[in-house]
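This report describes a predicted model of a protein chain. The structure is shown below, and the discussion follows it.

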Amino acid sequence: MPSHDLPPHTAVYSYFAAWPDDGTDQTIHDLLRCQVREKAGRREDPAAVVSDTRAVHASVGAPATTTGSDAGKKSRAASGASPSTWPDW
């Protein structure tokens, strides 16, 4: 049974439902993440980002001498390890 010293649930929910509109939910999430990381002995903000991609596409205006090339690819991108370049064991 809910406590009688709290406001009506409709009033509480109306505030909660408005949080995404003004960014309050993201602010709370960010603050809690920082507190959890700090308590775990880690920096508040992550220092590294993991990117899960096979190729990094070069800018259209980037010189070809700085981007490298792979004759098997249809786009200008940095080469990554692909099954065709793995050694045959």
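F16 has a relative accessible area of 47%, which falls short of the 50% above which a residue counts as exposed, so F16 is classed as partly exposed. Y13, by contrast, has 53% relative accessibility and therefore counts as exposed. Both residues belong to helix α1, where they are three positions apart, about one turn of the helix. In general, an α-helix has 3.6 residues a turn, so residues three or four places apart point the same way.

The count of aromatic pairs in the model comes to two. In the pair of Y13 and F16, the ring centres are 6.2 Å apart and the planes stand at 45 degrees, so the pair is tilted. Together with W19, Y13 and F16 form one aromatic cluster.

The helix that carries Y13 and F16 is hardly covered: among the 14 residues of α1, the count of buried residues is zero. In the protein chain, buried residues make up 7% of the 89 residues.

The lengths of α1 and α2 can be set beside the values expected at 1.5 Å a residue, as follows.

| Helix | Residues | Distance between end C-alpha atoms | Expected span |
|---|---|---|---|
| α1 | 14 residues (9–22) | 21 Å | 20 Å |
| α2 | 16 residues | 23 Å | 22 Å |

For α1, the end-to-end distance of 21 Å agrees with the expected 20 Å. For α2, the reach of 23 Å is close to the 22 Å expected.

A glycine with positive phi comes just after each of these helices: G23 follows α1 with a phi of about 90 degrees, and G41 follows α2 with a phi of about 80 degrees.

How do α1 and α2 cross, and how close do their axes come? The axes come within 5 Å and cross at roughly 85 degrees. This angle lies between 65 and 115 degrees, so α1 is roughly perpendicular to α2. The contact brings W19, P20 and D22 of α1 together with T24, D25 and I28 of α2. By residue class, the contact of α1 with α2 divides into three nonpolar, one polar and two charged residues. W19 thus takes part in the contact with α2 and also in the aromatic cluster with Y13 and F16.

At the level of the whole protein chain, the model has three helices and zero strands. The order of elements from the N terminus is α-α-α. Of the contacts in the protein chain with a separation of 6 or more, 14% are between residues 24 or more positions apart.

Definitions and conventions
Residues are numbered from 1 along each chain as its sequence is written. This is a predicted model: local features need pLDDT of at least 70, side-chain atom pairs count only at pLDDT 80 or more; totals for chains, interfaces and linings use all residues. Side-chain values use heavy atoms; hydrogens and water are left out. Helices (H or I, at least four residues) and strands (E, at least two) are DSSP runs, numbered from the N terminus. The expected span of a helix is 1.5 Å times one less than its number of residues. Buried means under 20% relative accessible area, exposed over 50%, partly exposed in between (1.4 Å probe, protein chains only). Axes are lines fitted to C-alpha atoms, for helices over the stretch in contact, and angles run from 0 to 180 degrees between N-to-C directions. Angles under 35 degrees count as roughly parallel, over 145 as roughly antiparallel, 65 to 115 as roughly perpendicular and the rest as oblique. Contact means heavy atoms within 4.5 Å. Ala, Val, Leu, Ile, Met, Phe, Trp, Tyr, Cys and Pro count as nonpolar, Asp, Glu, Lys and Arg as charged, and the others, Gly among them, as polar. Rings of Phe, Tyr and Trp (its six-membered ring) pair if their centres lie within 6.5 Å; planes under 30 degrees apart count as stacked, over 60 as edge-to-face and the rest as tilted.
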